[in-house]
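Thank you all for coming; I would like to walk you through one model this morning, starting with a single hairpin and working outwards from there. Please have the sequence and the structure in view as I go.

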Amino acid sequence: MNALIRIAGVAVAGFMMTAIAGLAAATPIVSKAGGGSCTLGPGSGSAGACTLQQIQAHPLWQPANPDGRGAAWVSYADTGIDGSTLAPKSGSVSNPDGRRSIMTITESFDFGANTGLLNFAVWADDTADLYLDGALLIAANFTDNVCARGTIGCEPNEGYRIVELLLGTGLHELTIVAYQTGTGASPQANPFGVLYSGNYEVPAPGALGLLGLALLGLGYFRRTRAMPSTA
Ligand SMILES: [Ca+2]
Ligand SMILES: [Ca+2]
C-alpha cells in the first residue's frame, strides 16, 4: 500500500475527529466564586449587586461538584455551615415570612444563529424559584425539613434537573431566586446557599463546513485506495 495514501488516511481521520469534537462542544454553567450575576433581594435587608463566594456545605446538603464540573455551593456572603453571616432568617425584619428573596443569580449564554441543548441542575438551602428566559420552570418550595421538603431543596434527591432541553437561537437566561425559610438564629443552625451545575452545547462555528470537507476527503481516500496496486 502506498505510504502517501496511508498518510492521507490519517490526516482525514484527524480532520473528522476535529469536526465531530466541534459539533459536541459543551460550555459549563456552574456555581463558583465570582461567577454568575448576583443581585441582593429584599429579604437580605439590602439591595444592589453582590459577588458570589464559595461557602462550606452542610453535611446533609448535596455535595459540591455534583456532575464533575467543579460546581461549589455559593452565597452573597459567608452564610455556610461554618460561616460568619446569618442570611436573614424567617421572622426577621427584612424576611418576616421567609418568602422574601435573599439573592438572585442570573446566568446568560448565547446560541447565536444556532439552536442548542441545555443541561442544568440546581439545589438550594432553603429553596429557590428557577426561571428560563423569564418563564417560571419551578416555583420555590416553602416547606421546612432540612431546607425544603422536596424540590427545590438542598439534599441530594431535592435537586431540579433540566436534561438536554432543546433551545432556540440567540441569548438565553437562567435565573435562580433563593429564599431563607429556616428560623435558626445562626449560620450553623440555619445556613443558606445555592449549588448549580450544567452546560450547553451548540455547533462550533464552521464545524459543519469542516465535516463536509472531511467527508469529501474520505471519499477521495476510498477511491484512491480502490485503485490496483502497482507495487
Ligand atoms: Ca429537605
Ligand atoms: Ca437555611
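Let me begin with strand E8, residues 127–132, and strand E9, residues 135–138, which run antiparallel and are joined by 3 bridges. By strand I mean a DSSP run of E of at least two residues, and by helix a run of H or I of at least four residues, both numbered from the N terminus; two strands count as paired if DSSP finds at least two bridges between them. Within this pair, Leu130 has Ile138 of E9 as its bridge partner. The two strands form a hairpin with 2 residues between them, and in that turn Asp133 has a positive phi of about 50°.

Before going further, a word on what we are looking at. This is a predicted model, in which local features need a pLDDT of at least 70 and side-chain atom pairs count only at pLDDT 80 or more, while totals for chains, interfaces and linings use all residues. Residues are numbered from 1 along each chain as its sequence is written, and chains are lettered from A and ligands numbered from 1 in the order in which they are written. The pLDDT is the predictor's confidence in each residue, from 0 to 100; for the protein chain its mean is 85, and 77% of the residues reach 70 or more. Over residues 1–21, however, the pLDDT is below 50, and this stretch has 20 contacts in the model beyond near neighbours in sequence, a contact being two residues whose C-beta atoms, placed from the backbone, lie within 7 Å. Residues 211–231 likewise have a pLDDT below 50, with 15 such contacts.

Turning to the overall arrangement, the protein chain has 2 helices and 12 strands. Where does our hairpin sit among them? E8 and E9 belong to an open sheet of 6 strands, in the order E3-E2-E6-E11-E8-E9, with antiparallel pairing. Strand E3, residues 48–50, and E9 stand at the edges, and because each has a single partner strand, one side of each is left without a neighbour in the sheet. From one strand to the next the twist averages 30°, with axes taken as lines fitted to C-alpha atoms, for helices over the stretch in contact, and angles running from 0 to 180 degrees between N-to-C directions.

Now to the interior. Of the 231 residues of the protein chain, 35% count as buried, which requires 20 or more other C-beta atoms within 10 Å of a residue's own, whereas 12 or fewer makes it exposed and anything in between partly exposed, with C-beta atoms placed from the backbone. The largest nonpolar core has 42 residues, and those with the most contacts inside it are Val122, Ala128, Ile176, Ala178 and Val194. Strands E1, E6, E7, E8, E11 and E12 are the elements that each give two or more residues to this core. A nonpolar core here is a set of buried Ala, Val, Leu, Ile, Met, Phe, Trp, Tyr and Cys residues joined through C-beta atoms within 7 Å. Leaving aside neighbours within four places in sequence, Val194 is in contact with residues including Ile105, Ala128 and Ile176.

Next to Val194 in the sequence is Gly193, in strand E12. Why does Gly193 count as buried? It has 35 other C-beta atoms within 10 Å. Its C-alpha lies 5.0 Å from that of Ser75, although the two are 118 residues apart in sequence.

Finally, some backbone details that you may wish to inspect. The peptide bond from Asp125 to Asp126 is cis, with omega near 10°, and Asp126 is in the loop between E7 and E8. Thr151 and Ile152 are also joined by a cis peptide bond, with omega about 0°; Ile152 is in the loop between E9 and strand E10. That loop between E9 and E10 also holds Val146, which has a positive phi near 50° without being a glycine and counts as partly exposed, with 15 C-beta neighbours inside 10 Å. Asn65, too, has a positive phi, of about 60°, although it is not a glycine, and it is found in the loop between strands E4 and E5.
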